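Welcome! Here is a short guided tour for someone meeting this protein for the first time. Please have a look at the picture below before reading on.

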Amino acid sequence: MSDIQQNERLDEILTALGEQLEALEATADLVVIGGSALIALGTIERATRDVDIVALRQGQELVSADPLPAQLATARDRVARDFGLDGDWLNPGPTDLLELGLPHGFAGRLESRSYGPSLTVRFASRIDQIHFKLYALVDRGPGRHESDLRALSPQSEELLTAARWARTHDPSPGFKTMLEEVLDYLEVNHGDLGA
């Protein structure tokens, strides 16, 4: 299956998604995080296989994207067929972050783009991506999450803010220990992160 490797390719795919939604007389307002958001904002140039939807925007509210609305799923499937993408290239995988709590001020920092009259995509900001990538690095280990985090060039205070947020998602002693080890690895003086 094909990867999404550059911003132009991502724009082409999301424009096609917007066209499919328009053909179905449907609209969607997606909130996206992860590698595809970093590609869209020009932060990274690595390949990704999917677009991670953390929420749908309805009016001023962010709501769960799981399950995807039927017409959005139909449009996604048509784009997958046309572009040779995996069937779940557009997925609500990280919706649990919405349920656990997004970083304070998240919605006000989203960067919006329109892909035709039927599709708006709101990409997570740099500071919010630092939160998500630190959490993923601790949770899943080094690899693309570490390289993505480094590409964001986080300052120590930004990492400490992200670490405090991550502790609200997993207050366990084991996670705290791993978080402190990652901060040590990133050469961040973290002091006490709380109980």
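## Buried or exposed?

A residue counts as buried when its relative accessible area is under 20%, and as exposed when that value is over 50%. Keep in mind that this is a predicted model.

With that in hand, take aspartate 148, which sits in helix H6. Is aspartate 148 buried or exposed? Its relative accessible area is 2%, so aspartate 148 is buried. Leaving out residues up to four places away in sequence, aspartate 148 touches Leu38, Ile44, Arg46 and Lys133.

## Helix H6 and its surroundings

Aspartate 148 has company in H6: His145, Glu146 and Leu149 are buried there too. Looking down the axis of H6, you would find these buried residues within an arc of 165°, so they line one face of the helix.

What do the buried residues of H6 pack against? Their partners are helix H2 (35-40), H5, helix H7 (156-169) and helix H8 (173-185). After H6 comes serine 153, with a positive phi near 45°.

## Two more buried residues

Helix H2 is also home to serine 36. The relative accessible area of serine 36 is 1%, so this residue is buried. Beyond residues up to four places away in sequence, serine 36 touches Leu10, Thr48, Asp50, Val51, Asp52 and Phe123.

Now move to helix H7, where alanine 166 lies. Alanine 166 counts as buried because its relative accessibility is 1%. Apart from neighbours within four places in sequence, alanine 166 is in contact with Tyr135 and Phe175. Another marker to look for is lysine 176: its C-alpha atom is 9.1 Å from that of alanine 166, and the two residues are 10 places apart along the chain.

## The nonpolar core

The largest nonpolar core is made up of 65 residues. Which of them have the most contacts inside the core? They are Leu17, Leu30, Trp89 and Leu134.

Leucine 30 is a good one to pick out on the screen. Setting aside residues up to four places away in sequence, leucine 30 touches Leu17, which is on that short list too. The other residues that leucine 30 touches are Ile53, Ala55, Leu56, Leu72, Leu90, Leu119, Thr120, Val121 and Arg122.

## The largest pocket

Next, some empty space. Rolling a probe the size of a water molecule over the atoms shows where such space is left. The largest pocket has a volume of about 430 Å³, and 21 residues line it. To find its centre, look for Asp52, Pro94, Ala136, Arg140 and His145, which lie nearest to that point.

Three elements give two or more residues each to this lining: helix H4 (95-100), helix H5 (126-140) and helix H6 (144-151). Which element gives the most? The answer is H5, with seven residues. By type, the lining residues of the largest pocket are made up of eight charged, seven polar and six nonpolar ones. Two residues nearest the centre have already appeared on this tour: Asp52 is touched by serine 36, and His145 is among the buried residues of H6.

## Backbone details

Most residues other than glycine have a negative phi, and most peptide bonds are trans. A few places in this model are worth a look with that in mind.

Glutamate 25 is not a glycine, yet its phi is positive, about 55°. Glutamate 25 belongs to the loop between helix H1 (7-23) and strand E1 (28-33). With a relative accessible area of 75%, glutamate 25 is exposed. Glutamate 187, again not a glycine, has a positive phi of about 60°. You will find glutamate 187 in the segment after H8, and at 72% relative accessibility it counts as exposed.

Which peptide bond is cis? The bond from aspartate 66 to proline 67 is, with omega near 0°. Proline 67 lies in the loop between strand E3 (61-63) and helix H3 (70-83).

## After helix H8

The last stop is aspartate 192, in the segment after H8. Aspartate 192 has a relative accessible area of 64%, so it is exposed. Aspartate 192 and glutamate 180 are 12 residues apart in sequence, with 9.0 Å between their C-alpha atoms.

Technical notes:
Residues numbered from 1 in each chain as written. Predicted model: local features only at pLDDT ≥ 70, side-chain atom pairs only at ≥ 80, totals over all residues. Heavy atoms only, no water. 1 Å grid on protein atoms, 1.4 Å probe; cavity = no way out; pocket = protein on both sides within 12 Å on 5 of 7 lines; lining within 4 Å. Points joined across faces, edges and corners; volume = space filled by probe spheres on them. Helix = DSSP H or I, 4+ residues; strand = E, 2+ residues; numbered from the N terminus. Nonpolar A, V, L, I, M, F, W, Y, C, P; charged D, E, K, R; others polar. Core = buried A, V, L, I, M, F, W, Y, C linked by side-chain atoms within 4.5 Å. Buried < 20%, exposed > 50% of the residue type's maximum accessible area, 1.4 Å probe, protein only. Contact = heavy atoms within 4.5 Å. Arc of directions from axis to C-beta.
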